[in-house]
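Reader: Please take a close look at the ligand site of this model. I would like one connected account of what surrounds the ligand.

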Amino acid sequence: MNKVAFITGSTRGIGKQIAITLAKNGYDVVINYRNENEDLINTKKEIEAQHVKCLAVQGDIANFEDCERMLKETIDKFGKIDVLVNNAGITKDMLLMRMKKEDFEQVIDVNLIGTFNMTKNAISYMMKARFGRIINLSSVVGLVGNAGQTNYSASKAGIIGFTKSLAKEVASRNILVNAIAPGFIETDMTGVLKEDVKEEIAKSIPLKRMGTVEDVANLVKFLASEESSYITGQVIHVDGGMVM
Ligand code: NAI
C-alpha cells in the first residue's frame, strides 16, 4: 500500500515540485488548490503519469473548516495520511511604517494559522496510526529577518516555534515534525523581483545561484522517508549557504 502525502498550495512552485517528486517515489498524493485553473489540471496530469493516485482538494488553508473537510476527503479516499507538507504561503511586503494591519494579519492567517489549521486536523489520524511526518515550509528570513517583511518573517519564525513544540508533543507517537528554511528559490513568489535585484542576491550567496524547486523537493523526499527516522524538531536550510 502506497504512503499518502498531502501537500498544501501544490499546483505551482515549490509545492507542485514536492507533489511530483513524492509521486515519482511512489506516494499517492493529495494536492490542494484554491481555484480551478490550468495549473491544477497540469499538475494532476503530471502526478498521474507516475502511476500513483492523485486527489485534488479545493480549500483555503486559512479557513479551519476548509482544512477539516480537506482532511476528511483525504481519509474517505485513502483511509490515512502519512505525510503532511505545509507548503502554501503568501507574502505582502511593505515597510512596517506603511504596512496595513490587514496585510500583517493576512500573512499570519495563511502562513502560520494555516499551518496550525492543517496540522491540527491531520494529527489525530497520525496519532491513531502511530506514524506521521509533518514538514513545514519556513524561510531563512524567519531566522535572520528581512526589511520589508515583518509580517512574513514573523509568520515563518512562528512556524519554527510551532515545529519544535509539536515535535516534542508527538515524538512518542512516532510522528516527526521538521521545518525547511529555503533561501531564494526561483518561483512565481520571487519572480516579482527585478532581474538586477536577483543577480545581486545570487552574487551574495556562497553557491552563487538561486535555488531550484527540486533543491527543496529533494529534502522533503528525504524527510518523508524512512532514512530520516531519527530527525525531529529541526530546521534545515536549503539556501546555498546564505545563512550559516
Ligand atoms: P508560490 O507563490 O509560487 O506558491 C504558493 C502556493 O500556495 C500557490 O499555489 C498558492 O495558490 C498557494 N496558496 C497561497 N495561499 C493559500 C491559501 N490560503 N490556501 C491554499 N493555498 C494557498 O510560492 P513558492 O515560492 O512556491 O513558496 C512555497 C513555500 O515556500 C511558501 O510557504 C513560501 O513562503 C516558502 N518559501 C519560498 C521561498 C522562495 O524563495 N520561493 C523562500 C523561502 C520560503
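Author: A polar contact is here a pair of N or O atoms within 3.5 Å. The model is a predicted one, and the contacts below are computed from it.

By that cut-off, I185 makes a polar contact with the ligand, because one of its backbone N or O atoms lies 2.8 Å from a ligand oxygen atom. A second ligand contact through the backbone involves I61, where an N or O atom of the main chain is 3.1 Å from a nitrogen atom of the ligand. K156 uses its side chain instead: a polar atom there lies 2.9 Å from an oxygen atom of the ligand. On its own the ligand has 830 Å² of accessible area, and the protein covers 94% of this.

The ligand's place in the protein is the largest pocket. Around the ligand there are 27 residues, of which R12, D60, N87, Y152 and T187 come nearest. Sorted by class, this shell holds 11 nonpolar, 11 polar and 5 charged residues.

Helices contribute to the shell as well. At least two shell residues come from each of α1 (13-24), α6 and α7 (188-191). Of the elements, α7 gives the most, with 3 residues.

The chain beyond α6 can be followed a little further. The loop between α6 (150-170) and β6 (175-182) contains S172. This serine, S172, counts as exposed because its relative accessible area is 64%, and the cut-off for exposed is over 50%. The C-alpha atom of S172 is 10.0 Å from that of F131, a residue 41 positions away along the chain.

How values were computed: Residues are numbered from 1 along each chain as its sequence is written. This is a predicted model: local features need pLDDT of at least 70, side-chain atom pairs count only at pLDDT 80 or more; totals for chains, interfaces and linings use all residues. Side-chain values use heavy atoms; hydrogens and water are left out. Helices (H or I, at least four residues) and strands (E, at least two) are DSSP runs, numbered from the N terminus. Buried means under 20% relative accessible area, exposed over 50%, partly exposed in between (1.4 Å probe, protein chains only). A residue is near a molecule or strand if one of its heavy atoms lies within 4 Å of it. A polar contact is a pair of N or O atoms within 3.5 Å; within protein, one must be able to donate a hydrogen and the other to accept it, and residues adjacent in sequence count only if both atoms are side-chain atoms. Accessible areas come from the Shrake-Rupley method with a 1.4 Å probe; for residues, only the protein chains shown count as cover. On a 1 Å grid over the protein atoms alone, a cavity is a set of points where a 1.4 Å probe fits but cannot get out, and a pocket is an open set with protein on both sides within 12 Å along at least five of seven lines; lining residues have an atom within 4 Å of a point. A molecule sits in a cavity or pocket if more than half of its atoms lie within 2 Å of its grid points. Ala, Val, Leu, Ile, Met, Phe, Trp, Tyr, Cys and Pro count as nonpolar, Asp, Glu, Lys and Arg as charged, and the others, Gly among them, as polar.
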